[in-house]
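These are my notes from going through one model, entry by entry. I looked up empty space, then the sheet, then helix packing.

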Amino acid sequence: MSRALRAVVGVGRLARLGLHILRGLWTIYTRFGGWGHGERNRAVEQWAAQLLRCCGVELKLLGRPPRAGPALLVANHLSWLDIPLMHACRHVRFVSKSDVGHWPLVGTLASAGGTLYIERSSRRDAMRTVERMAQALRAGDLVAIFPEGTTGDGRKLLPFHANLLQAAIDADAPIQPVGLCFYDQASGEPSYAPSYVGDETLLGSIWRTVTAPPLVAQLHYGEPEHADGRDRRAWGHHLHRRVDKLWRSR
């Protein structure tokens, strides 16, 4: 496909994506308040799945996503698409930096999805977030974190920050590792078009994604596990190895 044709395809995808986001915001402001918990979760899952289609991304699922909580999902982090990708399989409550809640459009969507916010520079707030996560897990919720703390380059898994794993220990809840990756649908080669790392901008990442050839986003769910006496650091090292294996496998 020529560069000019890719640009035409990209403009079409971008237009569909923009309309889809506006429909999502309209739903939040006009209908969410009258829906029950389960209906909201299903709406988020359907909206996220449609967002992937708007971007020309096919979802491939390996393993078994959790049917219900409580469970803490631990995944690698590559792109702005990671959150809708995981929502498309199963609605979860993500833990995100507090700045996201104030972003135009994105903050509204994230808050409607049940996001738990954390002020990363504050140790006290981190402890408060762990307690809120534990409460959500005790209530039977599915919660998800990206323990790398930032997006990686898709070539190597960054070290895990283990502090938030304490919530699963406190709530006696299992953790389920998840590996995600993107690859070209035709060639099967890894794709870095959706990457959002370093000096890359969100708009640049979105444009690369919508102008890329058809992509596959793969989610590989591992088996859930309990702490079994491990502290959060030992558990974090073990989960790092499991996630590293999952995102590399097809």
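Entry 1, the cavity. I looked up the largest cavity and found about 50 Å³ of space in it. The model is predicted, and I read the volume with that in mind. I then asked how many cavities of 30 Å³ or more the whole structure has. The search returned one.

I listed the lining of the largest cavity next. Asn-76, His-77 and Leu-78 belong to it, as do Glu-148, Gly-152 and Gly-154. The run Arg-155, Lys-156 and Leu-157 is also there, and Trp-247 completes the list. Sorted by class, the lining has three nonpolar, four polar and three charged residues. Trp-247 falls within the range of helix H8, residues 232-248.

Entry 2, a pocket. I turned to the second largest pocket and noted about 240 Å³ of space. Its lining has 15 residues. Which of them lie nearest the centre? I wrote down His-37, Asn-41, Arg-90, His-91 and Leu-142. Helix H2, residues 37-54, gives the largest share of the lining, with five residues. By class I have three nonpolar, six polar and six charged.

Entry 3, the sheet. I looked up the strand order and got E1-E7-E6-E2-E5-E3-E4, an open sheet of seven strands with mixed pairing. Which strands sit at the edges? They are E1 (57-62) and E4 (116-118), and each of them pairs on one side only. The twist from one strand to the next averages 25°.

Entry 4, around E3. I followed strand E3, residues 93-97, to its partners. E3 and E4 run parallel and are joined by three bridges. Within that pairing I noted Ser-96 opposite Tyr-117 of E4, and Lys-97 with Ile-118 of E4 as its bridge partner. With strand E5, residues 142-145, E3 also pairs in the parallel sense, over two bridges. There I noted Arg-93 opposite Val-143 of E5. Leu-142, from the pocket entry, is one of the residues nearest that pocket's centre, and E5 starts at residue 142.

Entry 5, Leu-62. I checked this residue in strand E1. Leaving aside neighbours within four places in sequence, I found Leu-62 in contact with Gln-218, Leu-219, His-220 and Tyr-221, and also with Ser-249 and Arg-250. I also took the separation of Leu-62 and Val-197, which is 135 residues in sequence and 25 Å in space, C-alpha to C-alpha.

Entry 6, H8 on the sheet. Which strands does helix H8 lie across? I recorded E2 (71-75), E6 (175-184) and E7 (215-221), with H8 running at about 30° to E6.

Entry 7, H1 and H7. I looked up how helix H1 (residues 3-30) packs with helix H7 (residues 202-211). The angle is about 115° and the axes are 8 Å apart. I noted the crossing as right-handed. On the H1 side the contact is made by Arg-6, Ala-7, Val-9, Gly-10, Val-11, Arg-13, Leu-14 and Leu-17. On the H7 side I have Ile-206, Trp-207, Thr-209, Val-210 and Thr-211. The residues of this contact divide into eight nonpolar, three polar and two charged.

Technical notes: Residues are numbered from 1 along each chain as its sequence is written. This is a predicted model: local features need pLDDT of at least 70, side-chain atom pairs count only at pLDDT 80 or more; totals for chains, interfaces and linings use all residues. Side-chain values use heavy atoms; hydrogens and water are left out. Axes are lines fitted to C-alpha atoms, for helices over the stretch in contact, and angles run from 0 to 180 degrees between N-to-C directions. A crossing is left-handed if the near helix is turned anticlockwise from the far one by less than a right angle, and right-handed if clockwise. Contact means heavy atoms within 4.5 Å. Ala, Val, Leu, Ile, Met, Phe, Trp, Tyr, Cys and Pro count as nonpolar, Asp, Glu, Lys and Arg as charged, and the others, Gly among them, as polar. On a 1 Å grid over the protein atoms alone, a cavity is a set of points where a 1.4 Å probe fits but cannot get out, and a pocket is an open set with protein on both sides within 12 Å along at least five of seven lines; lining residues have an atom within 4 Å of a point. Grid points are joined across faces, edges and corners, and a volume is the space filled by probe spheres set on the points. Two strands pair if DSSP finds at least two bridges between them.
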